[in-house]
Amino acid sequence: MSMERVREAADRIKRLEVQGATNVALTAMKALVEQMKASQVRDIDSALHEIAEAKEILFKSRETEPFMRNAIRYIEWGIARERWETTSQFHRLIHSLSEDLLNKFKEARDRIIEVGSKRVLDGSRVLTHCHSSAVSGILKVAKEKGVDFEVVLTETRPVYQGRITAREMLESGVRTTMIVDSAVRSFMTKVDLALVGADAITSEGNIINKIGTSLLALAAHEARTPFYVASELLKFDPQTIHGDYEAIEERSPEELWPQAPQELEIRNPAFDVTRRDYIHGIISEEGLISPHSIMEAVRRRYPWILEALGG
Ligand code: RUB
């Protein structure tokens, strides 16, 4: 099988045409489902073989994306667990597994927005970094509810995802100020809340998000500004339970300086780790939880994330 749809999605993800953990997971899952619906698999072995091929391509597109990996493993796990005998039964199963997942995504996001929007208070200023659809969702709903607040956001070097957030905020009528990433400490005393998204949550309750997030958390800690993370527990990486580190994607040096002097070494990690000690709370589908209780929350809500871990 050519895996055309999967390859095309992986390319768009790699190029950042699709950006943010949630959009990446949705795009990867939809591509896999389309590919499987077009395929003529007749038995479990050939189905699992095709999924393995798709996983190989999609997982490499962006390394630090457990949400995408969990979504694909859910489909794989369902195919291995459910009874199906014909190609058309297989196609129906794929369809219902993807519908289940989409419902889980939606339920989780709705709850995060409901909980998170209560943390945005009248007269307050919220600092954010990068572009997170969870954070944008919270801020948009707070605005719709009539809360009068402002947003301060970083431009987010090197590829300026802050501009995406800025446009969304302005379209929603939120007063918005952009700062350079290195101005975070200067502005931390002028804001009431720091709110970011996440790409990954580890078993220790640490979170991984756009490079610079951990600096923001440190500055928030020093200024005693509450630092919250809005994230689906679906971003939990089960491999961290076994001691594995979450891989941090390293992107092209060209993003920093195209045609830089050849002898210059450029490093461009896309994400960094924020220790749980700096996180006031994770705004999740299980409510506002402490990073310390992450394992219980995942076990309660998504036992399959722990069961479906198959590489
Ligand atoms: C995006 C980023 C976002 C998280 C959460 O990085 O760090 O904060 O992915 O996003 P990039 P969401 O632009 O490199 O993908 O809340 O949409 O899942």
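**Close-ups of charged and polar pairs**

At 57% relative accessibility, Lys 60 counts as exposed. That residue opens a short tour of a predicted model, which has 25 salt bridges in total.

**View 1. Lys 60 and Glu 56 pair up within helix H3.** Here Lys 60 makes a salt bridge to Glu 56, and their closest N and O atoms sit 2.7 Å apart. Helix H3 covers residues 44-61, and because the two partners are 4 residues apart in it, about one helical turn separates them. Lys 60 is the exposed partner, since its 57% is over the 50% cut-off. Glu 56, on the other hand, comes out at 46% relative accessibility, so it counts as partly exposed.

**View 2. Glu 150 and Arg 175 bridge two strands.** This salt bridge has its closest N and O atoms 3.5 Å apart. The pair links distant parts of the chain, 25 residues apart: Glu 150 belongs to strand S2 (residues 150-154) and Arg 175 to strand S3 (residues 175-179). How accessible is Glu 150? Its relative accessibility is 22%, which makes it partly exposed. Arg 175 is partly exposed too, with a value of 48%.

**View 3. Glu 222 in helix H9 meets Arg 185 in helix H8.** The two side chains form a salt bridge, with an N to O distance of 2.8 Å. Again we're looking at distant parts of the chain: helix H9 runs over residues 213-223, helix H8 over residues 184-188, and the partners are 37 residues apart. Glu 222 has 47% relative accessibility and so counts as partly exposed. Arg 185, at 54%, is exposed.

**View 4. Four charged residues share a network of salt bridges.** Zoom in on Arg 62, Glu 249, Arg 251 and Glu 255 for this one. Rather than a lone pair, these residues are linked in a network.

**View 5. Ser 39 makes a polar contact with Glu 50.** To finish, a view without a salt bridge as its topic. Ser 39 lies in the loop between helix H2 (21-37) and H3. Is Ser 39 buried or exposed? With a relative accessible area of just 3%, Ser 39 is buried, because that value is under the 20% cut-off. The contact runs side chain to side chain, from Ser 39 to Glu 50, at 3.2 Å.

Definitions and conventions. Residues numbered from 1 in each chain as written. Predicted model: local features only at pLDDT ≥ 70, side-chain atom pairs only at ≥ 80, totals over all residues. Heavy atoms only, no water. Buried < 20%, exposed > 50% of the residue type's maximum accessible area, 1.4 Å probe, protein only. Polar contact = N/O pair within 3.5 Å; in protein donor to acceptor, adjacent residues only side chain to side chain.
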